[in-house]
Every structure is written in C-alpha cells, then in structure tokens.
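Here is a briefing for a first look at this protein. Keep the sequence and the 3D view side by side as you read.

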Amino acid sequence: RMQLHRNPEVLFAAYQVPHPLANHVLIRLQTTRKSSPTEALKQAIEEVRGEVDDLKNQFVNQVINMQQMAQGEAGAMGQGQMNYAGGY
C-alpha cells in the first residue's frame, strides 16, 4: 500500500484481508486519468521487487564479509593463540 501511495497518479489505495485463513486479499485502487489501476499496481510490484533484490544483495554481502572475518580470526588463532576449545 505504501509503495502505491508513492506514485503521484494514485489517489487512493487500500487492502483488506477478509479472513486470515482465506487465501485472498481485496485491493481497492483509484488513480488519475493518466494511469490505470492495473498499471499502477504493476509498477508498485516491480519497485518492491527491486527493493527486495537490493536488500537480499546487501544481506548476502554482509554474510560473506562475516564469513571472511571469521575465517581470518580462525587463521590467527591457529598461529599460537588459544582458541575456544583450549588448544594451541
């Protein structure tokens, strides 16, 4: 809904979940004459997909960085320092 409201052609956007166990959502969308509700919804979906892809990439990069840091620490521990298991 918030992504739809970012579009200046969208006048009204709302949704309703009639019942939590029902697998459907009611969407109410009103746009200016310059855009159709279908096009506004498609655009919002594509924008959300892009944001999710960016978030996923950031997450994956952070996981890789953490793994590299952990490997670096494990390598340093093997050089005469004690590790968590008490060995040298």
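Helices and strands here are DSSP runs, numbered from the N terminus; a helix needs at least four residues and a strand at least two. The model is a predicted one. By that scheme, the protein has two helices and two strands. Their order from the N terminus is α-β-β-α.

**Overall picture**

- The protein has 88 residues, and 11% of them are buried.
- About 7600 Å² of the protein is exposed. Carbon and sulfur atoms supply 55% of that area.
- Take the contacts between residues at least 6 apart in sequence: 25% of these join residues at least 24 apart.

**Thr-31, in strand β2**

- Thr-31 belongs to strand β2, which covers residues 26-31.
- Is Thr-31 buried or exposed? Its relative accessibility is 13%, so Thr-31 counts as buried. The cut-off for buried is under 20%.
- A polar atom of the Thr-31 side chain lies 2.6 Å from the backbone oxygen of Ser-35.
- Which residues does Thr-31 touch, once those up to four places away in sequence are set aside? They are Glu-9, Val-10, Leu-11, Ser-36, Pro-37 and Ala-40.

**The largest pocket**

- The largest pocket has a volume of about 220 Å³.
- Three elements each give two or more residues to its lining: α1 (2-5), β1 (10-16) and α2 (37-77).
- Which element gives the most to this lining? It is α2, with four residues.
- Residues that line the pocket include Leu-4, Ala-13, Ala-14, Ile-27, Leu-41, Ala-44, Ile-45 and Val-48. Arg-1, Gln-3, Tyr-15 and Val-25 are also among them.
- By type, the lining divides into 10 nonpolar residues, one polar and one charged.

**Val-25, a lining residue in a loop**

- Val-25 sits in the loop between β1 and β2, and it helps line the largest pocket.
- At 48% relative accessibility, Val-25 counts as partly exposed. The range for that class runs between the buried limit of 20% and the exposed limit of 50%.
- Val-25 and Tyr-15 are 10 residues apart along the chain. Their C-alpha atoms are separated by 6.8 Å.
- Tyr-15, Gln-16 and Val-17 are in contact with Val-25, leaving aside its neighbours within four places in sequence.

**Arg-1, ahead of the first helix**

- Arg-1 is found in the segment before α1. This residue also lines the largest pocket.
- What does Arg-1 touch, not counting residues up to four places away in sequence? Its partners are Ala-13, Ala-14 and Tyr-15. These three partners also appear in the lining of the largest pocket.
- The C-alpha atoms of Arg-1 and Arg-28 are separated by 9.9 Å. Along the chain, Arg-1 and Arg-28 are 27 residues apart.

**Gln-43, in helix α2**

- Gln-43 lies in helix α2.
- Gln-43 counts as partly exposed because its relative accessibility is 39%.
- Gln-43 and Leu-4 are 39 residues apart along the chain, and 8.4 Å separates their C-alpha atoms. Leu-4 is one of the residues that line the largest pocket.

Methods
Residues are numbered from 1 along each chain as its sequence is written. This is a predicted model: local features need pLDDT of at least 70, side-chain atom pairs count only at pLDDT 80 or more; totals for chains, interfaces and linings use all residues. Side-chain values use heavy atoms; hydrogens and water are left out. Buried means under 20% relative accessible area, exposed over 50%, partly exposed in between (1.4 Å probe, protein chains only). Contact means heavy atoms within 4.5 Å. Accessible areas come from the Shrake-Rupley method with a 1.4 Å probe; for residues, only the protein chains shown count as cover. A polar contact is a pair of N or O atoms within 3.5 Å; within protein, one must be able to donate a hydrogen and the other to accept it, and residues adjacent in sequence count only if both atoms are side-chain atoms. On a 1 Å grid over the protein atoms alone, a cavity is a set of points where a 1.4 Å probe fits but cannot get out, and a pocket is an open set with protein on both sides within 12 Å along at least five of seven lines; lining residues have an atom within 4 Å of a point. Grid points are joined across faces, edges and corners, and a volume is the space filled by probe spheres set on the points. Ala, Val, Leu, Ile, Met, Phe, Trp, Tyr, Cys and Pro count as nonpolar, Asp, Glu, Lys and Arg as charged, and the others, Gly among them, as polar.
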